[in-house]
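Here are some short exercises to work through with a structure open beside you. Try each task before you read its solution.

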Amino acid sequence: MMHFADSLTFSGRKAVAAWAALPFPALSGSSLPDTLSAHQQDVPWKLLSSWREQKVSCCFAQSVVLRGICKEKGTSCPGQPRSPLHSCESPEQVLQQYLHTQFPGAFSTSHVLQQPCDTRPPFPQFFSPLLTSRGFLLDKAQGSSSAGVESIPVLAALQSSPVLHSLLSGLCRELQARNARRCSSFFTAGVEQDDFQEALEELKTLSQCYETGFGADGSEDEADSD
């Protein structure tokens, strides 16, 4: 995983953020172009970190894997206008086109796998009644089912993005606010005060590598010179 993260980082950046959609929000009977076309304003995956909710408006590099979506070429639903995504020849092209539209200029790799994630027992059945046994969304709940959810489509992503500026700088502030001298067990473990301060400075410097120049929240992107 460390080497994989290294392939997505440059310009002094060393960390990536993990995102996921579990399950991937696809309506039963809809195609991948239909699903992604419904998420043009905001991507359908969430940050896995415990840090406060962040919207993804830009990133420097990313790797995205989607599994459990049929390989058939999708057609738009009745009454829904065709989008550029519906003109793609394969699910891989659909996902790549979507990433290019949402994150222009970012280095993106994507993979689409047909096999879904198995969620049969002993996997905990904490899913909504709005899911079919294959993990696709329904317009309304169909009542309780003894069969449960047997599999789900999942999207997972690793991103090097400005979101990490807020996350890392916030962590640095929390550590600086603590009086490390009072934690005797902390230094008993072999950590020196000077080493602790040096680590804080390195963390602060690392967080600055994810700034875009338009504010710490990364709400606007700046063309990456790399």
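The exercises below go from confidence to the sheet, then to single residues and cysteines.

This is a predicted model, in which local features need pLDDT of at least 70, side-chain atom pairs count only at pLDDT 80 or more, and totals for chains, interfaces and linings use all residues. Residues are numbered from 1 along each chain as its sequence is written, and side-chain values use heavy atoms, with hydrogens and water left out.

**Exercise 1. Confidence**

Task: Find the average pLDDT of the chain, and the elements with the lowest and highest means.

Solution: Begin with the term: pLDDT is the predictor's confidence in each residue, from 0 to 100. The chain average is 81, and 77% of the residues score at least 70. Next, go to the elements, where helices (H or I, at least four residues) and strands (E, at least two) are DSSP runs, numbered from the N terminus. Helix α5 (residues 184-188) has the lowest mean pLDDT, 68, while β6 has the highest, 95. Residues 214-226 have a pLDDT below 50, yet beyond near neighbours in sequence this stretch has 27 contacts in the model. Here contact means heavy atoms within 4.5 Å.

**Exercise 2. The sheet**

Task: Work out the strand order of the open sheet and say which strands are at its edges.

Solution: Recall that strands of a sheet pair through backbone hydrogen bonds, either parallel or antiparallel. The working rule is that two strands pair if DSSP finds at least two bridges between them. Now take the pairs in turn:

- Strand β1 (residues 17-21) is antiparallel to β7, with 5 bridges; Ala18 has Leu158 of β7 as its bridge partner.
- β3 and β7 are antiparallel and share 7 bridges.
- β3 and strand β4 (residues 107-113) are parallel, again joined by 7 bridges; Val64 is partnered by Ser110 in β4.

Put together, the 5 strands have the order β2-β1-β7-β3-β4, with mixed pairing. The edge strands are β2 (46-47) and β4, each of which pairs on one side only. To finish, add the helix: α3 lies across β3 and β4 and runs at about 150° to β4. That angle is taken between N-to-C directions, from 0 to 180 degrees, with axes as lines fitted to C-alpha atoms, for helices over the stretch in contact.

**Exercise 3. β7, β3 and Ser63**

Task: Why is β7 largely enclosed, and what does Ser63 contact?

Solution: First, the cut-offs: buried means under 20% relative accessible area, exposed over 50%, and partly exposed in between (1.4 Å probe, protein chains only). In strand β7 (residues 154-160), 6 of the 7 residues are buried, so the strand is largely enclosed by the rest of the structure. β3 is mostly covered, with 5 of its 7 residues buried.

Now step along β3. Gln62 stands opposite Gln159 in β7, Ser63 has Leu158 as its bridge partner there, and Arg67 is partnered by Val154. Ser63 is buried, because its relative accessible area is 6%. Its contacts, leaving aside neighbours within four places in sequence, are Phe4, Leu8, Thr109, Ala156, Ala157 and Leu158. The side chains of Ser63 and Thr109 are joined by a polar contact of 3.1 Å. A polar contact is a pair of N or O atoms within 3.5 Å; within protein, one must be able to donate a hydrogen and the other to accept it, and residues adjacent in sequence count only if both atoms are side-chain atoms.

**Exercise 4. Two loop residues**

Task: Is Leu85 buried or exposed, and where does Arg134 lie?

Solution: Start with Leu85, in the loop between β3 (61-67) and α3 (91-102). Leu85 is buried, as its relative accessible area is 4%. Its C-alpha atom is 7.3 Å from that of Ser37, 48 residues apart along the chain. Beyond neighbours within four places in sequence, contacts of Leu85 include Pro33, Leu36 and Tyr98.

Arg134 lies in the loop between β5 (117-118) and β6 (151-152). With a relative accessible area of 47%, Arg134 is partly exposed. Arg134 and Ser151 are 17 residues apart in sequence and 4.9 Å apart in space, C-alpha to C-alpha.

**Exercise 5. Cysteines**

Task: How many disulfides does the structure hold?

Solution: A disulfide is a pair of cysteine sulfur atoms within 2.5 Å. The structure holds 0 disulfides. For Cys58, the closest cysteine sulfur is in Cys59, at 7.2 Å, too far for a bond. Cys58 counts as buried at 4% relative accessibility, and Cys117 is partly exposed at 23%.
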